[in-house]
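Please read these comments with the structure open beside you, and look up each residue as it comes up.

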Amino acid sequence: YWMSENLRFEPDSGNYWAYNNNEADILTDGYLYDWETANNVCPDGWHLASQAEWTELATKLGGFNVAGGKMKTSGTLDWNSPNQDATNSSGFSALPSGIYDGYDMFDGRGNLTYFWSSEVSLNIYWLSCNYGLLGETYFDLGFESASVRCVKD
């Protein structure tokens, strides 16, 4: 079981931000956490998803080439056009929450969303308004901050 919203837990320590430091956006978009903090913010009974869990999710949704569309909220109220292949048929309800680059710059809101995994070598999964795929990549663990979705233990 996956959380259907981005985590918005405010920990006692660690690094996390509201997009553009706008506290009003936390309710819908949650916080953007650095990787170290992301690995410690899921509530008891939940954990940060592993690469294997992201792969299992993508496989259940038909593969990485189509999973992103099934995870994104539909329409262009939140996502910028064209919001390619978005149906949210999975109920994941991904919103385009953007990213914090670690240098006082926020980017991508409306176009992209990034989610941490617990893996060092492949730690980011992303969705874009321009594609229906679920992408995989790597971020510099010392700088960028992304959204968190927790998985039930």
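The numbered points below deal with a predicted model, and they go from one polar residue to the nonpolar cores and then to the rings.

1. Asn-6 is found in the segment before strand E1 (16-17), and at 5% relative accessibility it counts as buried, because buried means under 20%. The side chain of Asn-6 makes polar contacts with two other side chains, that of Ser-97 at 3.1 Å and that of Arg-149 at 2.8 Å. Among the residues that Asn-6 touches are also Asp-29, Gly-30 and Phe-115.

2. The largest nonpolar core has 19 residues, and those with the most contacts inside it are Leu-7, Tyr-33, Trp-116 and Val-148. Helix H2 (35-38) and strand E6 (112-116) are the elements that give two or more residues to this core. A second, separate core of 17 residues includes Met-71, Phe-92, Tyr-125 and Leu-134.

3. Across the whole structure, 17 aromatic pairs are found. One of them is the tilted pair of Trp-54 and Phe-115, with 5.8 Å from centre to centre and 35 degrees between the planes. Trp-54 lies in helix H3 (residues 51-60) and Phe-115 in strand E6, so this pair ties together parts that are 61 residues apart in sequence.

4. Trp-54 also pairs with Tyr-125, and this pair is stacked because the ring centres are 4.8 Å apart and the planes lie at 10 degrees. Tyr-125 belongs to strand E7 (residues 124-128), 71 residues from Trp-54, and both residues are buried.

5. Ring pairs link Trp-2, Trp-54, Phe-64, Phe-92, Phe-115 and Tyr-125 into a cluster. Arg-149 lies over the face of Phe-92, at 4.1 Å from the ring centre.

Note on methods: Residues numbered from 1 in each chain as written. Predicted model: local features only at pLDDT ≥ 70, side-chain atom pairs only at ≥ 80, totals over all residues. Heavy atoms only, no water. Helix = DSSP H or I, 4+ residues; strand = E, 2+ residues; numbered from the N terminus. Buried < 20%, exposed > 50% of the residue type's maximum accessible area, 1.4 Å probe, protein only. Polar contact = N/O pair within 3.5 Å; in protein donor to acceptor, adjacent residues only side chain to side chain. Contact = heavy atoms within 4.5 Å. Core = buried A, V, L, I, M, F, W, Y, C linked by side-chain atoms within 4.5 Å. Phe/Tyr/Trp six-rings, centres within 6.5 Å; stacked < 30°, edge-to-face > 60°. Lys NZ or Arg CZ within 6 Å of the ring centre and 35° of its normal. Lists of a residue's contacts leave out its neighbours within four places in sequence.
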